[in-house]
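User: Could you walk me through how to read this structure, feature by feature? I would like the general idea each time, and then the case at hand.

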Amino acid sequence: MLKRNAVVFVMLVVAIMGMLAAGKYLDRSRKHGPAKLVGDVHNVPAPNFELPALDGRKVKLSDYRGQAVLLNFWATWCPPCKIEMPWFVDLERQYGKDGLVVLGVAMDDTESSKIAEFAHEMGVNYPVLLGTDQVSDDYGDVRSLPTTFYIDRNGTIVAKAVGLLGRQEIEDDVKKALSAAYRPASQPSRAEAEVKSARAKEATR
Amino acid sequence: MKRQLPFRLIVFLLTSFALAQTPGEKQPSVIMAPVGKVQLRAGGSANLALDFRIGPDFHINSNKPRADYLIPTVLKLDPSEPVTIADVKYPAGEDMSFAFSPNERLSVYSGDFSINTMLKAPANAAAGTYPVKGELRFQACDRSACYPPRSIPVQFQVIVVMK
């Protein structure tokens, strides 16, 4: 009797876990599409977002379709993040004419004026957006800073770096992001086609 | 032995589930050593060292980091009346420079460190056991990345005895 109860209990635990995981996935899928990043993110569409910038305007990732985006999650309390900032400034100057855009996402839990002051001191010349838990979650629960995503002109992630890398590695990833030719929306990438197909299947269920 | 099997299976499943929820990157850990009985005479004071251990490969800012933008380690204690916290003494940080910024020295704690506190009870305090609750807030980094500030609970009991 005891043994049977234990087996039933185990099955119950497994079933509840399964339902919780499935429910969480389906809920997120309905809201944002299956673009929440989990595991290997290479060749996966970058989740879109709309975040406030320090200058007050709203910035969407999709506004930059056709350009390569270096998306850098950082915080004022993160010394390694400080090291990269002058490199990003240089890289945007160097590759901006080729279509590189740098977007900083500040993950600080502090007033935007302090973030602005810090960015100004660091000579940051690119837009700094105010990060949210939602965007962190969408990008795979960004906890380690700096974390940088390199997104090509078609909105596909071509590289992800966690922690501080050398300048040359960063530049190599920038070149990788710039190398893909832009395909207008009428010509979706393979990753986008897969997402569309998955959404269509979900809708017909 | 057979009876333990379901229990082990549950532990295994729960652990697997927890690990599956954790992103690939390692996360810093700071733990506090258990505090034994803290006895305090009414009208007197007692020193108490709270011992903490930081996980290997990580460091946290000391209580006096070298830059305004860094988040200091802070112990907040909320004793039950009539116990009061008369003093909190943080250890000096260790000046270290890291590969990510070889020219900048940071004041940090790594490995084990202790924070010394002084507890007091007034002469008219009633004998009894009084809980002290609080938290240690810190912000950790390793050699190439930093992690959001977080807090761990700090909790112990103070036994006030009569003179």
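User: Let's begin with the core. Which residues have the most contacts inside the largest nonpolar core?

Analyst: The general idea is that in soluble globular proteins nonpolar side chains tend to be buried together. In this predicted model, the largest nonpolar core has 75 residues, and Leu70(A), Leu145(A) and Ile151(A) have the most contacts inside it. Take Ile151(A) as a place to start: leaving aside residues up to four places away in sequence, Ile151(A) touches Ala46(A), Ala68(A), Val69(A), Leu71(A), Thr156(A), Ile157(A) and Ala177(A).

User: That helps. What share of chain A is buried?

Analyst: Of the 205 residues in chain A, 34% are buried. Contacts in sequence terms are worth a look too: among those in chain A between residues at least 6 apart, 73% join residues at least 24 apart.

User: Now the secondary structure. In what order do the elements of chain A run?

Analyst: Chain A has six helices and seven strands. Reading from the N terminus on, they run α-β-β-β-α-β-α-β-α-β-β-α-α.

User: And how should I read the sheet? What is the strand order?

Analyst: Generally, strands of a sheet pair through backbone hydrogen bonds, either parallel or antiparallel. Here five strands of chain A form an open sheet, ordered E5-E4-E3-E6-E7, with mixed pairing. At the edges are E5 (128-130) and E7 (157-162) of chain A, each pairing on one side only. On average, neighbouring strands of this sheet are turned by 20° against each other, direction ignored.

User: Which strands run parallel, and how many bridges join them?

Analyst: A parallel case is E3 (residues 68-74) with E4 (residues 100-106) of chain A, joined by seven bridges. To find the register, look at Val69(A), which stands opposite Val101(A) in E4(A).

User: Then which strands show the antiparallel case?

Analyst: Look at E6 (residues 147-151) of chain A and E7(A), which run antiparallel with five bridges between them. Thr148(A) has Ala161(A) in E7(A) as its bridge partner. E6(A) and E7(A) form a hairpin with five residues between them, and in the turn Gly155(A) has a positive phi of about 80°.

User: Where does helix H2 of chain A lie?

Analyst: H2 (residues 79-95) of chain A lies across E3 and E4 of chain A, and runs at about 155° to E4(A). For its length, compare the span with the expected one: H2(A) has 17 residues and reaches 25 Å from its first C-alpha to its last, close to the 24 Å expected at 1.5 Å a residue.

User: Which residues of H2(A) are buried, and what do they pack against?

Analyst: The buried residues are Pro80(A), Cys81(A), Lys82(A), Ile83(A), Glu84(A), Met85(A), Phe88(A) and Leu91(A). Their packing partners are E3, E4 and helix H5 (167-179) of chain A, together with E8 of chain B.

User: That brings in the other chain. What elements does chain B have?

Analyst: Chain B has one helix and twelve strands, with the helix leading from the N terminus and the strands following. Of its 163 residues, 26% count as buried.

User: Finally, how many residues of chain B are in contact with chain A?

Analyst: In this interface, 22 residues of chain B are in contact with 23 residues of chain A. On the chain B side, H1 (4-21) and E8 (101-109) are the elements that give two or more residues. H1(B) gives the most, with five residues. By type, the chain B side divides into 16 nonpolar, four polar and two charged residues.

Definitions and conventions: Residues numbered from 1 in each chain as written. Chains lettered and ligands numbered in written order. Predicted model: local features only at pLDDT ≥ 70, side-chain atom pairs only at ≥ 80, totals over all residues. Contact = placed C-beta atoms within 7 Å. Helix = DSSP H or I, 4+ residues; strand = E, 2+ residues; numbered from the N terminus. Nonpolar A, V, L, I, M, F, W, Y, C, P; charged D, E, K, R; others polar. Buried ≥ 20, exposed ≤ 12 C-beta atoms within 10 Å, placed from the backbone. Core = buried A, V, L, I, M, F, W, Y, C linked by C-beta atoms within 7 Å. Pairing = 2+ DSSP bridges. Axes fitted to C-alpha atoms, helices over the stretch in contact; angles between N-to-C directions. Expected span 1.5 Å × (residues − 1).
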